[in-house]
Structure formats: structure tokens, C-alpha cells
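Here are some short exercises to work through with the model open in your viewer. Try each task before you read the solution under it.

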Amino acid sequence: MSNHDNGHEATTDVALRDTTGPDRFENPGHPEHHPRLGDTDPKANKKAERQVVFLFTISILGTLAFIVAYFAFPPGETPETMRRSNITLGLSMAFALLGIGTAAVHWAKSLMNDHEKSEDRHALRSDDATRETAVAVLKEGAEDSAIGRRGVLKVSMIGALALFPLSIVLPLIGNIGEDWDVSKFKRTMWRKGLKLTTDPDGRPIKASDVTIGSVFHVIPEGLHEEPHPLDEKAKSVVLLVRLAPEDLKEAPNRKGWSYNGIVAYSKICTHVGCPVALYEQQTHHLLCPCHQSTFDVADGAKVVFGPAKRPLPQLPITVDDEGYLVAQSDFHEPIGPSFWERLK
Amino acid sequence: MTTTTSTPTRTARAAAGTADYLDQRTGIGVAVKTFARKIFPDHWSFLLGEIALYSFITILISGVFLTMFFVPSMNETVYNGPWPTMQGVEMSEAFASTLRLSFEVRGGLLMRQIHHWAALIFMAAIVTHMMRIFFTGAFRKPRELNWVVGFTLLILGLAAGFSGYSLPDDVLSGNGLRITDGVVRAIPIIGSYMSYFIFGGEFPGQDLIPRLFTVHVLLVPGLILALIGLHLFFVVLHKHTQFPGSGRTNSNVVGYPVFPVYTAKAGGYFFIVFGVIALMGATMSINPVWNYGPFDPSPVSAGAQPDWYMLFLEGSLRLMPGAAEIVIAGFTIPLNVIIPAMIVPGVLFTLLAAYPFVEALATGDKREHHILDRPRNRPFRTAFGVSLLVAFFILVLAGSNDLIATHFHLSINDITWTFRVLLFLGPWFAFYITKRICLGLQRKDRELVLHGHETGRIVRFASGEYIEVHKPLDAHERWLRVQHDAIRPLEIEPAEDSRGVRRKGYRADRIRQRLSEMFYEDRIDPVTPAELAAAHSHGEHDVLEPAGAHGELTGAVGGGQHFVAPTDETHPEKRNR
């Protein structure tokens, strides 16, 4: 009952009945084929062909336009020339590609034979005879090697193969973590007497210049002379805020860590380590823009909202003889995200 | 493979000669005979996987271009190029070469933007392709292994995207790496060492960009290419699945031949995908790192989102309350990071990877399936898939909670709390609603098969009774709605045999039965021929000959279910899709 085109020997219409019981409807077989306009009307057919040719021509013009744009619009020195270069190259390239793509698809849909064909499927499983032969072949091979009877040989082979990768893995593991000294997580370059300087230009900060409510992004003095400044900076950045004395709540054991209402906290979030950079003056809240952990600077930088658990570590500060802010010591706990041996 | 025209042209003789040369050395004739006219079925949703493939090829082409100019080094340099705002700024060579690539290499910016857009489309195509496979049950035997291959490709796609995103060494991706460092450190016992393993010492170190570069241009693409090969090999081996429809059975495949139809359609489609991506690269700016600046551990901007496929992890991290961090015997266990960054994605991905095997266990059938399911006919699966998606999208939205807050002037705390609640309630609601919708659609199918289309034709009888005439479905329309199996929950042997001895293995069977009941307890059976006959036979007292007879339904007229023959045949294209 099929109107299907069996133009090729590999494709045949097959029995269309599913394995259905009497309670099931029967598959009604392939629906009737509806000819396209171009199949019956030679004019429409010719028109479709012209459309395909037109689309290929657009592609050719697109490529030519790309070449022209490449030479005519160099990226230049200004944002405008850069944008012009990008958009002319990109648009002409898009035309070159879309021309080919739409032409090919239009050709296939309007001009190529659109009679659906049907092909048989076969079960993937090999037949029993093949399976038996496969097993027999493997058995024969195993017997030829005699691996079943030679236990020591088998064990030594497995041992050799299992151990060999160590010769690659060992030097890799040995070197990949540099010196593997993870205790560096617990130290920063802050030490007694080190000046607090502004980030990024490194100017020392006079306590008298810090007005109530102002915020300073701070790096330690001499950061840029360190062998790996970014590694040090990633641990030692500090945020400095001066609060009105009546706003500041201080734990008894930290009374001496601030100076004249000026407090300094690690800028590295105790959640997963983003810089906690957004300070809201009215509420004294510090917000981490990555995951919105919120810390109260007026109250020991305790967490008031979000996924962080611990307060930001406080840097004990004081002033030196010239009135510049300096650290009293390093932080008293590891800064940044939590890790297993943090408190050990 | 030789041409047999009596007077072969020069070209024909050259082609024949080449074919003969190749065949004598490769036996390629067999492959051509087997594959050139191989049949593939047609459906728009089969294009989703093609988009993934073609965007990957686009990524490879643009990526090779980028490697010619990118310098994967963290050595410090000072910028001195045309971009004014970065003049004299200290930066890594990676960032400087990205700027050079963007502003000084002609077409470089276009290639960068094409590469990045293609990567986003690659991931989106993988996810939607996977949704198509899931909701139509294309993962069933014999394709379970190919599902696992596809799942692995999804994970590799994430790895490729993430490693590439970080290469320019800008401040935005640098903060992404910082978050990675924080997450890795949270792993109990070995966390600190894992961090050293990745960064070659402390964050950010000197090694990361070269390492990511190797991962991004060699390791991951190599694996992806190999697995794409395996994925497509399986597609050819299994032959493509097809949607149900008249003439299509579990033992045939109906469609068009590879040569020439799919050569043109699929080949053309590659150019369309590439062309659309080029259009995006031309007109839509992406990852303008020259506005962010080089990596520095100190600054960060609000509203900084990762690429979309990482947003769910970001959202998961944002939702977890901090109180979960605990200390046991002096050792810190940051569950506020471990749960959202490892356990939540772990659960989502495990459910996804394992689903075909769980469903096979619940269904208990060992047949091969080549006819796709209509999603409505498998209510549990469809509802389960939707609830997984809902959980995923809630996390994606939670990853944008700061943008939601600033755009809609809402409190970030309220939004976060709303999402925390929604993450637990949303999937359950989605499951329930989807299942109801599926069952409702199946009832609609039954109704349609039994009673036909409403025609809007009201007829008044001599007795004064009014009826609406219904048009019965033709055999093709009907087949689509009755072809599926209604799967019943598994039946198991009783707990005790006839002598009252408890059976071994009963408990395992019972658990499996429970699972099966969860899947298939609620179901709507397809209409059987007997039911249809019964629906047509009542109401014989009405005498209305339908205009024109049609098949076995001739004269079937009933109170409220009066039939006329289909006058305008529904186009098969519309009917079966």
C-alpha cells in the first residue's frame, strides 16, 4: 500500500505491522505522499532553482565583501574604528556562511526527491552461533597463552602493569604542587610595624587623614618588592574603616586592635575568597558581591547574612611615631576560605 | 564504482579512475554501498544535537585561530597598545595578548567573540539535545550506553568552557578561579593539597594559565573529539530513533537518504549554525575583558555573572546558609561550601546519568525501543525531568539574585530566602503539575479518538433534538494517539509459597515493585478497537448519515458523538509531528 520510492536496493518498504495483539489498532501504513508545487509545476521548479543560485551568489558576494572589509577597515586606534572593523568583517562573513547554508537546505527541501524511504532495522545482538564462536575463539586464545595455569605469571604481569604508571605519576605529583607547604595559607606578609598603604599606589596612610565613615582599600608596604606580589596581595588585602566611637562594638580581647575608631579587616571573604569590596556607610555593612555574604564592620565583622560562617579576620593596627597607620602583628587566624586544618 | 556510459566524459573517467584507485587500496566501495543511501528520519528536534556538533566545529576553527596569537603566560608585562584605558597598566602576558588579539589582529575580535558565543551555544545545544533525548525516551535500550557517552560530553563541555573562560586572566574570570580555589580547599582532609595541585602553590601562582591552556586546547578537546566519534558511531550503529506515526514501526526507519538529502541539509545546516554565530560575533559584544582589566586579587564588581552553564553552581553557593560550617575535633568542615558546590551538583548529575537504568529497572522490559515516546504518554518520566529542570533553573536564577535585586528593586535577602524555599518546593510542584498535565493530555487523546473532532455543525432532528456533529479521526490521526503501550507496574511472585515458606529475594522484588508503582501506578490506557466500536455503537437510534462514508466508521452516529467523514484531510506533516 505504499507510494514509496524504492529507488535503491538497500531501502525497501517493510511489513508495517507491529507486534500487536487483537486489542491493538493496526499501523495504517505510510501516509499518502503529497507532491510539492515544484514537482508538478515546472515553473515553480525553475523558480526554486533560481532561488538556490541566488543564495549561493549571496555567499560569494559575502566573501568578496569580507575581503574588501579586511583591507578597507583596519581596527585602527579608536573604539569606533575597532567596532567598524568587527561589524563589517562579521556581517560579511555571516552572509558568506548563511548563503551557503540556506542554499543547500533550500535545494534539499525544494528540489531533491522528497519521497520518504524505509529501511529495515536488525536486532543488535549477535546470533547464538556467532556468540558461541566468539567464546570458543577467546577460550582458544586463553589456552594458547596458558594464562589460566600460570598463576605466578599472571600476578607478576598485573603487578608490573599496575606499578609502571608510578614512574609518571610520582614526578608529576612531586612537582605539581610546588613545595606542598600548605601552612602558607596561615601566614600573610603583615608583621609588626609594617605600614598600611593605599591600594594600588602604595601611599602610607596617616591616621589623621581617615575621617569618620571613610573607607580605604589597603595593601602592606613593600608589596611590589615581594617575589610574587599577586600571591601576597591575594592574602594580605585589607579594608580599613573609621567608625564613630559610639557605633563601634569591640570584644574585650580586641580592645587594643583598633586606633581611634579605625578598624582593619581582611578583605578576603571567609566563604570562598572573593574580595569583600562593597561597603555601605549607613549600616556599616560589608557585602561580598560574589555570593552576598554580609559582614557588620561595627560589630567585629560578624556575618549578618549569606553563605559565610565566620567573621572577617581583624588586623590589629596602631600608629607609628609619625602618625602613620601600621600593623601590630599578622592576623591572629588564617584569612580567607575555610579548609580542613585551618585551626590546627 | 565505475561509470558505464558508452562514451564517458573526461571528468567521469577521472572520477572512475580515482574511485578505482581508492577502492583497490581501501575497499571503500563497501562503505559507500552501506552508508551512502542510509536512511535517517526527519524531525526538527533532531537538529539540536547537530547544533551541538556544528558549534563544536566552529569552536575548533575559531580556537585554532586564537591559539596563533594568544600567549598562555602569567609573566608580568606593561601594556602599550592602542586601547587607551589600559595604557601603562601592569598585566600578565595572557591578558596583554588577549588585548592584542582583540584590537590589533584583524578579525581577531570577531574570532574571539565567535569562539565565546559558539561555546555558549554548544552548551545550550547539549542541554536541549539531552532534554529531547530524555523526554522522548530515546535513552532506552539499546541506547543507554550512548546516553552515558552524551552525559560525559556534557561534563567535558563544562570543563572546556570553564578552562577557556579563565584563560584571558581578566579580573572577572580571576575571581571565578578564586571561588574555585575556595571550593577546592573545602574538600575535607586533602582540600589544601588539591588547591596546591591546581595552582602549583598558592593562589594565583605562576602556573595556572599555562596549565589551563593545556587542559583547554589539548586534553579536553581531545576527549570531546574522541567521544563525539563514539557518540556518532553509536547513532549509525543503532540507526536513528523516529517519532511514532503511520508507517513507522519499531523494526523500520523511515526518512531520507544520507546522500544527497542529508548531505545537503546537514552540510547546509553547519553553515547556518556557523553563520548565525558569526552574526552574533559581529553584532553582540561578549566578555569585553578590556573593560574589566587584568586580574588583581583586590577589586571586584557587583553584578558579575559567570557564563550561563556555571550559574547553577553560583546560585547553589549563594543559597546555602553559612551556619552549616562545622568544626569537629579541631578540623574544619565547611559544609556551607561542600553541600552547594559538590553535593547538590553531584545529586543532580547522578540522577541524570543514572535515570535510564533506574527506569529500565522500574519498567522491567528488555525490548529494543526505536519509536520515541510522546512525553505525555510517560507522565512520571516527563514530570521527573521537568522537576530536575525546575531545580536547575531555580539555581540559575539564584545565581543572578543580585541582578534581580537591582533590576526589580527588591531586597536581596528576601530574594535569597524565596529561592531557598523554592528550591525545595518548586520541584515537587513542578512534578505534580506536569504529571497532571500529561494525564490530562492523554485523556484528551482518548476523547478525541473515541468521539472525534468537534465540527461546530449543529443539526436539528425532526424530533426537535439538537446535536453537534463530530468528525471522526482518520486512521493516520488515530494511530498517533493509540500506538503506545500503557506500561503497568511490575507484578511479583507472592512473599510465601503454597506451603507458607518465605521466598528468598522477596524484599528486593518488593522494592523494585514499589519503584515500578511510583512510575506507572497513574496511567491512562490507549483506546482499543473494542472501546472505539463501543463508543460508536451507542445512540444508534439517531438517524443521520454522515456526508460521505469513511472506513469502518460509516454511519456511526451517537447522541453527542455524531460523526461525519473527514472532509479536509489533515496534512500528514502536521498530523504526525
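Two strands count as paired when DSSP finds at least two bridges between them. Keep that cut-off in mind for the strand exercises, and remember that this is a predicted model.

**Exercise 1. Find the strands that pair across the two chains, and work out the sheet they belong to.**

Step 1: Start with strand β1 of chain A, residues 117–120, and strand β4 of chain B, residues 252–257; four bridges join them, and they run antiparallel. Four bridges meet the cut-off of at least two, so the strands do pair.

Step 2: Pick out partners. Ser118(A) has Val254(B) as its bridge partner in β4(B), while Glu119(A) stands opposite Val253(B).

Step 3: Extend to the whole sheet. The order is β1(A)-β4(B)-β1(B), an open sheet of three strands with antiparallel pairing. Its edge strands are β1 of chain A and β1 (39–40) of chain B, each of which pairs on one side only.

Step 4: Look at what covers the chain B strands. Helix α10(B) lies across β1 and β4 of chain B, and runs at about 70° to β4(B).

**Exercise 2. Describe the side of chain B that touches chain A.**

Step 1: Count the residues in contact: 95 in chain B and 88 in chain A.

Step 2: Ask which element of chain B gives the largest share. That's helix α10 of chain B (residues 258–283), with 16 residues.

Step 3: Sort the chain B side by class. You get 49 nonpolar, 32 polar and 14 charged residues.

Step 4: Check the predictor's scores for the complex. The ipTM is 0.90 and the pTM is 0.91.

**Exercise 3. Characterise the hairpin of β7 and β8 in chain B.**

Step 1: Locate the strands. β7(B) covers residues 453–460 and β8(B) covers residues 466–471; they pair in the antiparallel sense over six bridges.

Step 2: Take one bridge as a reference point. Glu454(B) is partnered by His470(B) in β8(B).

Step 3: Turn to the link. Five residues lie between the strands, and Gly464(B) takes a positive phi near 100°.

**Exercise 4. Give the geometry and the make-up of the contact between helices α7 and α8 of chain B.**

Step 1: Choose the two quantities to report. Packed helices are described by the angle between their axes and the distance between the axes.

Step 2: Read them off. α7(B), residues 171–185, and α8(B), residues 191–199, pack at an angle of about 145°, with their axes 7 Å apart.

Step 3: List who meets whom. From α7(B) come Asp181(B), Val184(B) and Arg185(B); from α8(B) come Gly191(B), Ser192(B), Met194(B), Ser195(B), Ile198(B) and Phe199(B).

Step 4: Classify these residues. Four are nonpolar, three polar and two charged.

**Exercise 5. Lay out the four-stranded sheet of chain A.**

Step 1: Write down the order, β2-β3-β4-β5; this is an open sheet with antiparallel pairing.

Step 2: Name the edges. They are β2 (196–198) and β5 (262–266) of chain A, each pairing on one side only.

Step 3: Add the twist. Ignoring direction, neighbouring strands are turned by 40° against each other on average.

Step 4: Zoom in on one pair. β3(A), residues 215–220, and β4(A), residues 238–242, run antiparallel and are joined by four bridges. Here Val218(A) stands opposite Val238(A).

**Exercise 6. Divide chain B into domains, then see how domains 1 and 2 meet.**

Step 1: Set the bounds: domain 1 is 10–40, domain 2 is 44–373 and domain 3 is 443–574.

Step 2: Place the first pair. The C-alpha centres of domain 1 and domain 2 of chain B lie 38 Å apart.

Step 3: Count the contacts. Six residues of domain 1 touch eight residues of domain 2. The domain 1 side has four nonpolar, no polar and two charged residues.

**Exercise 7. Sum up chain B as a whole, and decide where to read it with care.**

Step 1: Take stock of the fold. Chain B has 20 helices and ten strands, and its C-alpha trace spans about 95 × 85 × 60 Å along the principal axes. Of its 577 residues, 42% are buried.

Step 2: Look at confidence. The mean pLDDT of chain B is 90, and 92% of the residues score at least 70.

Step 3: Find the low stretches. pLDDT stays under 50 over residues 539–562 of chain B, a stretch with 45 contacts beyond four places in sequence. It also stays under 50 over residues 565–577 of chain B, where the model has 23 such contacts.

Conventions:
Residues are numbered from 1 along each chain as its sequence is written. Chains are lettered from A and ligands numbered from 1 in the order in which they are written. This is a predicted model: local features need pLDDT of at least 70, side-chain atom pairs count only at pLDDT 80 or more; totals for chains, interfaces and linings use all residues. A residue is buried if 20 or more other C-beta atoms lie within 10 Å of its own, exposed if 12 or fewer, and partly exposed in between; C-beta atoms are placed from the backbone. pLDDT is the predictor's confidence in each residue, from 0 to 100. Two residues are in contact if their C-beta atoms, placed from the backbone, lie within 7 Å. Ala, Val, Leu, Ile, Met, Phe, Trp, Tyr, Cys and Pro count as nonpolar, Asp, Glu, Lys and Arg as charged, and the others, Gly among them, as polar. Axes are lines fitted to C-alpha atoms, for helices over the stretch in contact, and angles run from 0 to 180 degrees between N-to-C directions. Domain bounds come from an automatic or database domain assignment.
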